[in-house]
There are 2 protein chains.
Amino acid sequence: MTTGNALIAQGGGPTAVINQSLVGAIIEARRHGAIKQLYGARHGVRGIVGEDLCDLARVTTAELERVARSPAAALLSTRDKPDDAYCESILRMFKKYDVRYFFYIGGNDSADTCHILSVFAQHSGYDLVILHIPKTIDNDLLVTDHCPGYGSAARFVASAFAGLALDTRALSGVYIGVVMGRHAGFLTAASALARRFEDDGPHLIYLPERPFDREQYVTQVEETVTRYGRCLVAVSEGIVDASGEPLTASLLPSEERDAHGNVQLSGTGALGDALREWIQSALHIRRVRCDTFGYLLRSFLGVVSPIDAVEAREVGAHAVRFAVGTGESGSVSIDRVGDYAVAYSLQPLTAVAGKTKQVPDAFIGDDGATITPSFLDYAKPLVGALPVYDHLPFHPVVKR
Amino acid sequence: MTTGNALIAQGGGPTAVINQSLVGAIIEARRHGAIKQLYGARHGVRGIVGEDLCDLARVTTAELERVARSPAAALLSTRDKPDDAYCESILRMFKKYDVRYFFYIGGNDSADTCHILSVFAQHSGYDLVILHIPKTIDNDLLVTDHCPGYGSAARFVASAFAGLALDTRALSGVYIGVVMGRHAGFLTAASALARRFEDDGPHLIYLPERPFDREQYVTQVEETVTRYGRCLVAVSEGIVDASGEPLTASLLPSEERDAHGNVQLSGTGALGDALREWIQSALHIRRVRCDTFGYLLRSFLGVVSPIDAVEAREVGAHAVRFAVGTGESGSVSIDRVGDYAVAYSLQPLTAVAGKTKQVPDAFIGDDGATITPSFLDYAKPLVGALPVYDHLPFHPVVKR
C-alpha cells in the first residue's frame, strides 16, 4: 500500500457542490492510515508550484460541514493549464512534501493535468496515485453518466425558465435566455425540466450540437408567436454557424482567449443582443427581451439539487477509497444502475482527460430546436423535485 | 354599505408573490355579502375594456393555493397606461357589469390609473370603491414602508451576489452585476444583504440615486483590486450621468420607449458591456466579467421571501376589508410597527399615484459607492433568513 502525504486541490469554474466533494475527500482521507499529512493547495495547481499549502487536518468537522454547503471552490481555484515544465514543477513539489496521493477536483482540463502528471511520475519512478474528482456544470465529461455540479446548475436553469415562462405568458412577446455551455448543451436543455403545460415554453431550444441558422430561427420564432401569442427561447452561448464557428466570435470586436485557447463566451451580452435584434428587425414584435444568464447559475446561494449534493460528497469519498484501496490512478465515474440509483467506479484518466461529451442525438428533436422526452427522463432525477406552479383556471364570463 | 359586483386585475411587471395578493383578495371577498359576483379581468385594464372577464368564484381554494405559490401575474398583466378615453371605457364596463369594487394589483402607474378612475366615477356620480393593492420589486412606492414583491426579488439579488462573491474570490478578477432598478436602487442595494465577511463583496454598489462618474468608478475598482486582489461590483441598470440622463440611453443605438414614455433599460447587455470594457481598457485586468441579471430576479421559481409571501397575502385581504368596511378608495400601506412587525392601513390614492420613492440618503455611504448599516437593518427582515455559507479556515503549512 502506498503510504505518504495527500494533497487536494480544486480547478476550473466553481459549482454549487464542488465543496461537497472536497469535504467528502477530506473526511474519508482522515480515516486511512496510509495517508499521513493532508494538504490543501490554494488556487489549484498554482498553489502547488507556489507552495501555498494549508493543513486540512486542522479544520474541524463542523467547519467542514458549513464549507460543504457553500458554493464555489473553498480552496480557491485557477484557470492555469499546466504545460510540461509546469507539471515538472508540480512533481518536484510533490517529492519535496512526500505527496503520494493527489486529488484534483475539476473538469476535463483538470483530468488532463492529472493524466500528464501521472505519466511524468511513472517516468521518474515516483510512486504517486492521482485521482480526478469530476465536477462541471456543463456535464460534458465522458464515461460518467453525469457530472457533480450539473444537477444544481440545471436546477437553476429549470427554475429560471419556469418563472420566465409565466412572466412571458403574463406580458406576451418574445423572451430569449442565453445559457452557459461552450460545446455541450446539457445546461440549456435543462430549461425544459420544469415545464408543466404544453404551451409553457421554452418553445425553442438551440444547442451547440446543431448548427444555428438565423433565417430558420426567425421563422421558428414567428411560427411560435402565431401559435401561442408569445415565444420563450433558450439558447446555448456556444451555438455555432454552419462552419462550426461560435456565433459569439463573429459578434465580438476583439476575441479574448483563455489559457486553454478558448474564446471567451460568457460575461458578454453580445450574442443575446444580436438574437434580440434579429427578431425585432425581422418580425417587428414590440416586446422582445433577452437576458444572458452568465455566471449566476453556477454559484447561486441556496439553489442546490439535493441528489447532486449527496453524489458530489460520495464522489469525493470514493476517490479516496479507490486511491488507497487500489493504488491506481483514475477518474471517479457515476454509473446509473437503477431508476434512480447510482454506483461509483474508477475509470482510466485517459478515458476522460481533455475529452468532451455532447448532448446525444437521442435527446435532440428532429427540428433541431426542441429536446426529446428521453432527455427529461435522463435529467429530471438529477435536478430533484421543483416547486409546483399552476395557472389560474379560466372560467369565462359571457359578454353582456 | 356599497353593494354590487367586484373586479380584480393585475398590472405591470410580475413578482414572485403578486398571486398571493390576488388569492388573499379573492378568499377575503368571498366572505363579504356586500360583494355579489367576483370577476377577474385578464391582462389588467386591457381585459376590462375588452370584456375578457372570468368568474373567480368558480376557482376552488386548492386551486387558489397552488396559484398563490406561483410567480408572475396569474390573471395575466399589461403595460397599458389608460388615458382619459381609456378610463371612460373602463367606467362604462364597470357600469355594464355593476362593478362597485375594483381591486387593482400593481405599482405606481397602476395606482395612477386607480386615481383617475376614482375621479371619473365621482364626477359621473357612480358609486365605486377602488383599492390599489401595491406590488413592485423596485420598492419605489411612497408612504408604505416597503412593497410586496421587493423582499423576494431582493432575496434573489442577495443570493446571487453571495454566490458571486465566493466565485470571484475563487477565481479573482473583477465581476460586475447589473441589477434592475430605473429610479430607485433598493434592489441593487440588496446585493449586500448576504455578505458575511468584510472582504466578501460587493465592494462597490452604484445606485441611480447618485450620479455615476466613469473616472471615479475606474479608480474605485482599481483601489479595491489593490486591496483585496479582486472586486465585486453591483450596478443599477438606471444609473445616470451628472446631467441625470441614464447611461444606457447613450449606449443604445436606438431608444425603445414603452407606453409610459420610459426608455427600455432591461433586456439589453449594453450597459454591462460598457462597464466591463471601461475596466479592461483602463486597468488591463485579465479577468473582467459582467452579467446583466435582467428579468430572472422577478419570477424565479422557488426564490421567495417567506415574510414577503405572507405580507402580500395580507395586503390583498386587507384591501377587501378596507373597501367593504370603509367604502373609501385608497392604497394599502404596510406600516412597520416593531422589529420586526407590521400593521396595514388605508392611504389616499393621491399619496401613491404616479410617484416614486428613492433610496433615502441615510442608506447610502458618503463615497456614493457603498450602502450603510441602516439599510441592512431596514432590508434584512424583508428578505428572510438566507443559507449560511462559510470560508474554509486557512491553516498555512510552513514552506520547506
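Start with Ser172(A), in the loop between helix 6 and strand 6 of chain A. The model is predicted. Ser172(A) has a positive phi of about 65 degrees, although it is not a glycine. Most residues other than glycine have a negative phi. Is Ser172(A) buried or exposed? Neither label fits, because its relative accessible area is 23% and the residue counts as partly exposed. The cut-offs behind that label are under 20% for buried and over 50% for exposed.

The loop of Ser172(A) leads into the question of what lies on either side. Strand 6 of chain A belongs to an open sheet of 4 strands. The order is 7-8-6-9, and the pairing is parallel. Strand 7 (204-206) and strand 9 (288-292) of chain A are the edge strands. Each of these two pairs on one side only. From one strand to the next, the twist averages 15 degrees.

Look next at the pairing of strand 6 with strand 9. Strand 6 covers residues 173-179 of chain A. Its parallel pairing with strand 9 of chain A runs over 5 bridges. Which residue of strand 9 does Ile176(A) face? The residue opposite is Cys290(A).

Two helices pack on this sheet. Helix 6 (residues 150-171) of chain A touches strand 6 and strand 8 (230-236) of chain A. Its direction makes about 155 degrees with that of strand 8 of chain A. Helix 8 (residues 214-228) of chain A touches strand 6, strand 7 and strand 8 of chain A. Here the angle to the direction of strand 8 of chain A is about 145 degrees.

The way into strand 7 holds another backbone feature. Pro202(A) sits in the loop between helix 7 (186-189) and strand 7 of chain A. The peptide bond joining Gly201(A) and Pro202(A) is cis, with omega about 5 degrees. Most peptide bonds are trans.

Chain A also has a second open sheet, this one with 7 strands. Their order is 3-2-1-4-5-10-11, and the pairing is mixed. Which strands stand at the edges? They are strand 3 (53-55) and strand 11 (341-347) of chain A. Each has a single partner strand, so one side of each is left without a neighbour in the sheet. Direction ignored, neighbouring strands of this sheet are turned by 30 degrees against each other on average.

At one end of that order, strand 10 (residues 330-338) of chain A pairs with strand 11 of chain A. The sense is antiparallel, and the pairing spans 7 bridges. Ile334(A) stands opposite Tyr344(A) of strand 11 of chain A. Helix 5 (residues 108-123) of chain A packs on the sheet. It touches strand 4 (99-106) and strand 5 (129-134) of chain A. The direction of helix 5 makes about 175 degrees with that of strand 5 of chain A.

Now cross to chain B. In chain B, the loop between strand 10 (330-338) and strand 11 (341-347) holds Tyr340(B). The peptide bond from Asp339(B) to Tyr340(B) is cis, with omega near 10 degrees. Ala72(B) lies in the loop between helix 3 (61-68) and helix 4 (84-96) of chain B. Ala72(B) is not a glycine, yet its phi is positive, about 70 degrees. Is Ala72(B) buried or exposed? Ala72(B) is buried, with a relative accessible area of 3%.

How do the two chains relate? Two copies of a chain are related by a rotation about an axis and a shift along it. A turn of 180 degrees, with a shift of 0.0 Å along the axis, lays chain B on chain A with an RMSD of 0.0 Å. The two copies are therefore related as by a two-fold rotation axis. Which C-alpha of chain B is nearest the axis? That of Gly269(B) is, at 2.2 Å.

The contact between the chains completes the tour. In it, 89 residues of chain B are in contact with 88 residues of chain A. The two chains bury about 7,200 Å² between them, and 58% of it is on carbon and sulfur atoms. In chain B, Leu301(B), Leu392(B) and Arg400(B) lose the most area to chain A. Together they account for 11% of what that side buries. Of the interface residues of chain B, 99% are also interface residues in chain A, so the copies meet through the same surface.

How many salt bridges link chain B and chain A? The count is 4. In a salt bridge across the chains, the side chain of Asp167(A) meets that of Arg298(B), at 2.7 Å from N to O.

Technical notes. Residues are numbered from 1 along each chain as its sequence is written. Chains are lettered from A and ligands numbered from 1 in the order in which they are written. This is a predicted model: local features need pLDDT of at least 70, side-chain atom pairs count only at pLDDT 80 or more; totals for chains, interfaces and linings use all residues. Side-chain values use heavy atoms; hydrogens and water are left out. Copies are superposed by least squares on the C-alpha atoms of residues with pLDDT of at least 70 in both. Contact means heavy atoms within 4.5 Å. Two strands pair if DSSP finds at least two bridges between them. Axes are lines fitted to C-alpha atoms, for helices over the stretch in contact, and angles run from 0 to 180 degrees between N-to-C directions. Buried means under 20% relative accessible area, exposed over 50%, partly exposed in between (1.4 Å probe, protein chains only). Buried area is the accessible area (1.4 Å probe) that two parts lose on being put together, summed over both.
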